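Visitor: Could you walk me through this one and show how each label is earned?

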Amino acid sequence: MTAASTPTRLDLQKDRQLSIEWQDGRHSVYPVGYLRAMCPCAKCKQERAEAAAAPKRLTLKVLPGNHDGPLAAAAAELVGGYALRIDWTDGHGSGIYSFDYLRSIDPGPADPPAGTRR
Ligand SMILES: [Zn+2]
């Protein structure tokens, strides 16, 4: 791992966002809905590839769900010191988010406005 893919701090707010501070000083914030949509498991990867291959087709995507509230992380655990596995309240939980992957899907250059962090 490089400094860019080595977290120094992981902070998951289950119904809001995952914050990661990286060894190279970058601070990334991933809204939970974004993380769920970017699930790295084989099935979700294929669904995203299909959606990208046919961007003009109107599709209705219905996530399998047995949850009443908004999407949230139900549980999360570190996997082997290189990744994070997240169980979602919609019942999905096979995605293992390696730190390399998380760094590669960093949603943007903007840090959250000052004062939004605890
Ligand atoms: Zn998935």
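Guide: What follows is a short round of questions, with each label set against its cut-off.

Guide: Before you start, this is a predicted model, where local features need pLDDT of at least 70, side-chain atom pairs count only at pLDDT 80 or more, and totals for chains, interfaces and linings use all residues. Residues are numbered from 1 along each chain as its sequence is written.

Visitor: How many helices and strands are there, and what makes a run count as one?

Guide: There are three helices and six strands. Both are DSSP runs, numbered from the N terminus: H or I over at least four residues for a helix, E over at least two for a strand. Along the sequence the pattern reads β-β-β-α-α-β-β-β-α.

Visitor: What is the order of the open sheet that contains β1, and which are its edge strands?

Guide: The order is β1-β2-β3, three strands with antiparallel pairing. β1 (7-13) and β3 (27-31) are the edge strands, as each pairs on one side only. The twist averages 15° from one strand to the next, where axes are lines fitted to C-alpha atoms (for helices, over the stretch in contact) and angles run from 0 to 180 degrees between N-to-C directions.

Visitor: What makes β1 and β2 a pair?

Guide: Strands pair if DSSP finds at least two bridges between them. β1 and β2 are joined by six bridges and run antiparallel, so they qualify under that rule. Gln13, for one, has Gln17 in β2 as its bridge partner.

Visitor: Why are β4 and β6 called edges in the other sheet?

Guide: That open sheet has three strands in the order β4-β5-β6, again with antiparallel pairing. β4 (73-79) and β6 (96-98) each have a single partner strand, so one side of each is left without a neighbour in the sheet. Here the twist averages 25° from one strand to the next.

Visitor: How many bridges hold β5 to each partner?

Guide: β5 (residues 83-88) has three bridges to β6, with Ala83 opposite Ser98 in β6. Between β4 and β5 there are six bridges, and Leu78 stands opposite Leu84 in β5. Both pairings are antiparallel.

Visitor: What joins β4 to β5, and why is Gly80 called exposed?

Guide: β4 and β5 form a hairpin with three residues between them, and Gly80 in the turn has a positive phi of about 60°. A residue is buried if 20 or more other C-beta atoms lie within 10 Å of its own, exposed if 12 or fewer, and partly exposed in between, with C-beta atoms placed from the backbone. Gly80 has 8 C-beta neighbours inside 10 Å, so it counts as exposed. Its C-alpha atom is 9.8 Å from that of Ser98, 18 residues away along the chain.

Visitor: Why does Arg103 count as partly exposed?

Guide: Arg103 has 19 C-beta neighbours inside 10 Å, so it falls in the in-between class. Arg103 is part of helix α3 (residues 99-104). Leaving aside neighbours within four places in sequence, Arg103 is in contact with Ala4, Ser5 and Trp22, contact being C-beta atoms, placed from the backbone, within 7 Å.

Visitor: And what about Ile105, in the segment after α3: why that same label?

Guide: Ile105 has 14 other C-beta atoms within 10 Å, so it too is partly exposed. Its C-alpha atom lies 8.8 Å from that of Tyr30, 75 residues apart in sequence.

Visitor: What makes a nonpolar core, and which residues form the largest one?

Guide: A nonpolar core is a set of buried Ala, Val, Leu, Ile, Met, Phe, Trp, Tyr and Cys residues joined through C-beta atoms within 7 Å. The largest has twelve residues: Leu18, Ile20, Trp22, Val32, Leu35, Ala73, Leu84, Ile86, Trp88, Tyr97, Phe99 and Leu102. β2 (17-22), α1 (32-37), β5 and α3 each give two or more residues to this core. Leu102 touches Ile20 and Tyr97, not counting residues up to four places away in sequence.

Visitor: How do you know that the length of α2 fits a helix?

Guide: The expected span is 1.5 Å times one less than the number of residues. For the twelve residues of α2 (residues 42-53) that should be 16 Å, and the end C-alpha atoms are 16 Å apart, which agrees. As for burial, the count of buried residues in α2 is zero, while buried residues make up 15% of the 118 residues in the protein.

Methods:
Two residues are in contact if their C-beta atoms, placed from the backbone, lie within 7 Å.
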